Amino acid sequence: MNETKNIDVVNMVNSYINEGKSEIMKKELIFLGPPACGKGTQTAKLAEYLGFPHVDTGSLLRAEIKSGSPDGLVAKSFIDKGNLVPVELVSNIIKNRLAQTDCNDGYILDGFPRSLEQAEQLTRINDEINGDTAVNFMAIYFDIDTDVLVERIVNRRSCSKCGEIYNLAFKAPHKEGVCDKCGGELVQRKDDTREIAQSRFDTYFHETAPLIDYYKNKGVLKSIDANGSIDEVWERLLRVIND
Ligand code: AMP
């Protein structure tokens, strides 16, 4: 990850005056949107741009599965069906990750919370970790026409080495099956099939979509139009972040 913060942007977004003293607020950015709405690509880019860690719940869970841990085994049985992993399990993983020192100035959280219960857990986790630290919390919703998303999912591939995301329909690798960035092998996620994608959408609409109103009511929600090219969405995302 790029260690150099884009300090101008971070300052512009976060700086505030406290008893005549200028300080930088911790920046907590969470992202909402249906599966394959482009969050993964944009949040990875934003994390690099701002110099904050990209905490991606799906990747953390897949790493847990790969490690063969008991938690990984449990997670796999839910992920393979397109269902949410139990809240205690995923909250513990997130809590341990957000407590690490690289999250002290801020983080980009992708894929958590995914239910109202998880949103409450996140508030509790943040309160525990932050103590008196001043925080700027923002939930960014990727608003997109959902009828194109199943096709996006079945065409999605990712690098088994560096995690770079491709799409055979609109962001194909130069060489079939090979990552442009690191030469790693491109693989399809097991849950990126048509059938499991449908179940992930059902889960999203039942469990996750209510968070849009939840964060709107708290006055911390920003929406962006997530239709269009990667570059177009990136421009809109930067505008919201710098707003
Ligand atoms: P993603 O990579 O974000 O599409 O997530 C892949 C799968 O991991 C989801 O379909 C869920 O089964 C599981 N998962 C990811 N994030 C969470 C979460 N916050 N809570 C429960 N399960 C999750």
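**Exercise 1. Decide whether aspartate 110 is buried or exposed, and find its salt-bridge partner.**

Step 1. Aspartate 110 has a relative accessibility of 5%, so it counts as buried. Buried means under 20% relative accessible area, exposed over 50%, and partly exposed in between (1.4 Å probe, protein chains only). Accessible areas are computed by the Shrake-Rupley method with a 1.4 Å probe, and for residues only the protein chains shown count as cover.

Step 2. The model is predicted: local features need pLDDT of at least 70, side-chain atom pairs count only at pLDDT 80 or more, and totals for chains, interfaces and linings use all residues. Residues are numbered from 1 along each chain as its sequence is written, and side-chain values use heavy atoms, with hydrogens and water left out.

Step 3. The side chain of aspartate 110 forms a salt bridge with that of lysine 39, at 3.4 Å from N to O. A salt bridge here is a side-chain nitrogen of Lys or Arg within 4 Å of a carboxyl oxygen of Asp or Glu.

Step 4. This pair links distant parts of the chain, with lysine 39 in helix α2 and aspartate 110 in strand β5, 71 residues apart. Helices (H or I, at least four residues) and strands (E, at least two) are DSSP runs, numbered from the N terminus.

Step 5. Lysine 39 is buried because its relative accessible area is 10%.

**Exercise 2. State how many salt bridges the whole structure holds, and describe those of glutamate 151 and aspartate 192.**

Step 1. The search of the whole structure gives 16 salt bridges.

Step 2. Glutamate 151 pairs with arginine 194 through their side chains, at 2.7 Å from N to O. The two residues lie in distant parts of the chain: glutamate 151 in helix α7 (residues 149–154) and arginine 194 in helix α8, 43 residues apart. Glutamate 151 is partly exposed at 40% relative accessible area, and arginine 194 is partly exposed at 47%.

Step 3. Aspartate 192 forms a salt bridge with arginine 200, with 2.9 Å between the closest N and O atoms. Salt bridges with shared partners join Arg156, Arg189, Asp191, Asp192 and Arg200 into one network. Aspartate 192 counts as buried at 1% relative accessibility, as does arginine 200 at 10%.

**Exercise 3. Describe the surroundings of tyrosine 107.**

Step 1. Tyrosine 107 belongs to strand β5 (residues 106–110). Its relative accessibility is 0%, so it counts as buried.

Step 2. Not counting residues up to four places away in sequence, tyrosine 107 touches Lys26, Lys27, Glu28, Leu29, Phe52, Pro53, Leu98, Leu122 and Asn126. Contact means heavy atoms within 4.5 Å.

Step 3. Histidine 54 is 53 residues from tyrosine 107 in sequence, and their C-alpha atoms are 6.5 Å apart.

**Exercise 4. Place threonine 203 and list its contacts.**

Step 1. Threonine 203 lies in helix α8 and is buried, with 15% relative accessible area.

Step 2. Apart from its neighbours within four places in sequence, threonine 203 is in contact with Gly82, Asn83, Leu84 and Thr208.

**Exercise 5. Examine the backbone at proline 113 and alanine 36.**

Step 1. The peptide bond from phenylalanine 112 to proline 113 is cis, with omega near 0°. Proline 113 sits in the loop between β5 and α6 (116–130).

Step 2. Alanine 36 is not a glycine, yet has a positive phi of about 65°. Alanine 36 is in the loop between β3 (26–32) and α2 (39–50), and is buried at 12% relative accessible area.
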